[in-house]
Amino acid sequence: MARTRSHPMELDPVWRRITDEAEAAIAAEPLLGGLVHACILHHASLEDALAYRLAQKLASGDMSEQLLREIADDAYAADPSLGQAARADITAVYDRDPACHRYIQPLLFFKGFQAVQAYRVANWLWRQGRADMAYFIQMRMSEIFSVDIHPAARVGKGIMIDHAHSIVIGETAVVGDNVSMLHSVTLGGTGKEEEDRHPKIGDGVLIGAGAKVLGNIHVGHCSRVAAGSVVLHEVPPCTTVAGVPARIVGEAGCDQPSLNMDHLFAGGAKKS
């Protein structure tokens with residue numbers, strides 16, 4: 001049964017918009033009525049809808065949908081920041097992805113958004129000392145969404161992962177707020193360190209498709225990593241790096257690269 005939460009619809013504009021769009025979607029495509037009712041309109045809040053959707057996607061012969069639903073419900077009830085982050089994430093996808101025209105799309109269809117929300121539940125489990133259950137959700141995320149985020153990684157809010165295929169974020173990685181990345185991004189280790197070995201990504205960073213950021217290095221706030229780059233060294237704030245290995249090729253091009261989503265840059269590599 002869906003639980004009533006302290007997010008009255010009139011005080012939650014994100015959830016109000018989602019439910020309004022859900023009604024319009026059914027009117028336009030009645031064959032989707034069952035899906036839309038089950039995933040959205042049968043629920044009292046975004047948290048309830050997310051718990052249902054994640055349980056539905058991640059369930060397997062090893063773990064039933066009902067058990068996963070109870071885990072997700074517990075997570076959202078215990079930690080309101082999970083729901084707040086989800087609202088920031090869904091708004092980020094709508095604002096930054098030109099293929100996203102409605103708020104219901106990430107919730108129903110976009111695996112990048114769904115995978116990040118699954119990670120948030122796994123991270124809550126990890127912080128509760130329930131490592132094995134967190135690992136189970138990580139495994140199912142990887143199998144279902146092709147997104148592998150270690151539950152101990154720290155990921156901020158307002159995250160947009162476009163297409164979200166072959167994403168890897170390691171155990172000691174940190175991702176700031178309002179970060180955008182495309183498919184095939186790796187935030188990995190170099191194999192040389194055993195403890196703090198993964199990248200630290202600042203706020204407002206844009207990471208292009210296929211980029212690899214390796215090692216315990218910092219990528220400064222509001223910087224850009226060009227598609228296909230391999231980043232092995234620190235990236236100063238508000239700069240663009242590109243190449244293999246990546247080098248500074250100029251400024252970031254705007255104040256908020258992750259919001260602007262402009263991957264183009266002019267000029268050659270900066271001489272050292």
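**Figure 1. Helix α3 in the predicted model, shown end to end.** Helix α3 covers residues 46–58 of this predicted model. It holds 13 residues. At 1.5 Å a residue, α3 should span 18 Å, and its end C-alpha atoms are 18 Å apart, so expectation and model agree. The helix is mostly covered, with eleven of its 13 residues buried. Buried residues at the start of α3 include Leu 46, Glu 47, Asp 48, Ala 49 and Leu 50. Further along, Ala 51, Tyr 52, Arg 53, Leu 54 and Ala 55 are buried as well. Leu 58 completes the buried set. Charged side chains therefore appear in this list under the counting used here, where Arg is positive and Asp and Glu are negative.

**Figure 2. Ile 104 and its contacts.** Ile 104 sits in helix α6, which covers residues 104–108. Its relative accessible area is 1%; buried means under 20%, so Ile 104 counts as buried. Residues up to four places away in sequence are left out of the contact list. Beyond them, Ile 104 touches Ile 18, Glu 21, Ala 22, Ala 25 and Ile 40. One of these partners, Glu 21, belongs to helix α1. A long separation can also be drawn from Ile 104: its C-alpha atom lies 29 Å from that of Gly 170. Along the chain, Ile 104 and Gly 170 are 66 residues apart.

**Figure 3. Glu 21, seen from its own side of the contact.** Glu 21 is part of helix α1, residues 13–28. Its relative accessible area is 10%, so this residue is buried too. Neighbours within four places in sequence are again set aside. The remaining contacts of Glu 21 are Arg 102, Tyr 103 and Ile 104. Ile 104 is the residue that opens α6.

**Figure 4. The loop between β3 and β4, with two positive phi values.** Strand β3 spans 160–161 and strand β4 spans 167–169. Ala 164 lies in the loop between them. Its phi is near 55°, a positive value in a residue other than glycine. Ser 166 lies in this loop as well. Phi of Ser 166 is near 60°, again positive in a residue other than glycine. Most residues other than glycine have a negative phi. Ala 164 has 0% relative accessibility and so counts as buried. Ser 166, at 32% relative accessible area, is partly exposed.

**Figure 5. A cis peptide bond before Pro 245.** The bond joins Val 244 and Pro 245. Its omega is about -5°. Most peptide bonds are trans. Pro 245 is placed in the loop between β14 and β15. The flanking strands run over 239–242 for β14 and 247–251 for β15.

**Figure 6. The whole chain, as a setting for the close-ups.** The protein chain contains nine helices and 15 strands. Its C-alpha trace spans about 60 × 40 × 30 Å along the principal axes. For 272 residues, a compact globule would have a radius of gyration near 19 Å; the chain has 19 Å, which agrees. Of the 272 residues, 52% count as buried. Among contacts with a separation of 6 or more, 47% join residues 24 or more positions apart. The accessible surface comes to about 12,300 Å², and carbon and sulfur atoms account for 54% of that area. The chain carries 25 positive and 32 negative charges, whose mean positions are 4 Å apart.

Definitions and conventions: Residues numbered from 1 in each chain as written. Predicted model: local features only at pLDDT ≥ 70, side-chain atom pairs only at ≥ 80, totals over all residues. Heavy atoms only, no water. Helix = DSSP H or I, 4+ residues; strand = E, 2+ residues; numbered from the N terminus. Expected span 1.5 Å × (residues − 1). Buried < 20%, exposed > 50% of the residue type's maximum accessible area, 1.4 Å probe, protein only. Rg over C-alpha atoms; globule rule 2.2 N^0.38 Å. Contact = heavy atoms within 4.5 Å. Areas by Shrake-Rupley, 256 points an atom, 1.4 Å probe, with all protein chains shown as cover. Charge placed at Lys NZ, Arg CZ, Asp CG, Glu CD.
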